[in-house]
Amino acid sequence: MTAARDAAAALENSNASEDVKQSATALVAQGKAAINKKDWAAAVALFRKATQQDPGSISAWFGIGYCADEFQGEAGLIDEGVAAYRRVIEIDPNHAMAHYNLGVLLEKKRQDVDGAEKAYRAAIAADPGCAAAQFKLGALLNTRGIQLERAEGNRNEVAALYTRSARSCGRST
């Protein structure tokens, strides 16, 4: 992202027209520079403005999604981030990192395990070599397996307690 920061600084300090400085590409570069400074609020504002300039800007939508995962300060940004990653996927259904990052956002911020699993699987379908998605899907499925084992054990324990309780109350099961 150093190149993005340098490009943004050069553009800002140049004699370029205001139209050029406000182009979607320039705004995305400035947004990436703001990310490098961990200035999430500025980055989100720049990416939003870039999507207004160019609604098809994958980089701008992706930037909003990325910031939603990192920035904690704005209510509703998680929903906006999820929508932004879905917009990227709408524009480019094979954007593996958008699928992966959507999965992370759904799992980490919304506790939507089903949605996360679907997103990780889509990332792997888009790029079978996406090791990060493979790892997250494996971890998610492993956690689910442990939870299922616990649930099965609890179900069996509850059934046994019910049977004992019914017998002690004189009922048959």
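Student: Let's start with one side chain in this predicted model: is Trp40 buried or exposed?
Tutor: Trp40 has a relative accessibility of 12%. The limit for that class is under 20%, so Trp40 counts as buried.

Student: And which class does Tyr66 fall into?
Tutor: For Tyr66 the relative accessibility comes to 32%. The middle class runs between 20% and 50%, so Tyr66 counts as partly exposed.

Student: How many aromatic pairs are there, and at what angle do the planes of Trp40 and Tyr66 meet?
Tutor: The count of aromatic pairs comes to three. In one of them, the centres of Trp40 and Tyr66 are 6.1 Å apart and the pair is tilted. This pair joins distant parts of the chain, with Trp40 in helix H4 (residues 40-53), Tyr66 in helix H5 (residues 58-70) and their positions 26 residues apart. The angle between the planes is 50 degrees.

Student: Good, now what is the geometry class of the pair Tyr100 and Tyr120?
Tutor: Their ring centres are 6.0 Å apart, with 40 degrees between the planes. The pair links helix H7 to helix H8 (residues 113-126), the two residues being 20 residues apart. Tyr100 and Tyr120 are each buried. The class of the pair is tilted.

Student: How many residues of H7 are buried?
Tutor: Helix H7 covers residues 96-109, and its 14 residues reach 20 Å from first C-alpha to last, close to the expected 20 Å. Its buried residues include His99, Tyr100, Asn101 and Leu102. H7 is mostly covered, and the buried count is ten.

Student: What does Asn101 touch outside its own stretch of H7?
Tutor: Asn101 sits in helix H7. Its relative accessibility is 13%, so Asn101 counts as buried. Beyond four places in sequence, the contacts of Asn101 are Phe62 and Tyr85.

Student: What phi does Gln111 take?
Tutor: Gln111 comes just after H7. The phi of Gln111 is positive, at about 55 degrees.

Student: What span do the end C-alpha atoms of H8 show?
Tutor: H8 has 14 residues, which at 1.5 Å a residue should span 20 Å. Among its buried residues are Glu117, Tyr120 and Ile124. The computed distance agrees with the expected span: 20 Å.

Student: How many disulfides does the structure have?
Tutor: A disulfide is a covalent bond between the sulfur atoms of two cysteines. Cys67 is buried at a relative accessible area of 0%, and Cys130 is buried at 6%. The search of the whole structure gives a disulfide count of zero.

Student: Which residues touch the most other members of the largest nonpolar core?
Tutor: This core has 38 residues. The elements that give it two or more residues are helix H3 (24-36), H4, H5, helix H6 (77-91), H7, H8 and helix H9 (131-168). Beyond four places in sequence, Phe47 has contacts that include Val28, Ile35, Ile64 and Cys67. The residues touching the most other members are Phe47, Cys67, Leu102 and Tyr120.

Student: Last one: what is the mean pLDDT of the chain?
Tutor: Some stretches score low: pLDDT stays under 50 over residues 3-11, where the model has 13 contacts beyond four places in sequence. Residues 13-17 also stay under 50, with three such contacts. Over the chain, 71% of residues reach 70 or more, and the mean pLDDT is 81.

Notes. Residues numbered from 1 in each chain as written. Predicted model: local features only at pLDDT ≥ 70, side-chain atom pairs only at ≥ 80, totals over all residues. Heavy atoms only, no water. Helix = DSSP H or I, 4+ residues; strand = E, 2+ residues; numbered from the N terminus. Expected span 1.5 Å × (residues − 1). Buried < 20%, exposed > 50% of the residue type's maximum accessible area, 1.4 Å probe, protein only. pLDDT = per-residue confidence, 0-100. Contact = heavy atoms within 4.5 Å. Phe/Tyr/Trp six-rings, centres within 6.5 Å; stacked < 30°, edge-to-face > 60°. Disulfide = S-S within 2.5 Å. Core = buried A, V, L, I, M, F, W, Y, C linked by side-chain atoms within 4.5 Å.
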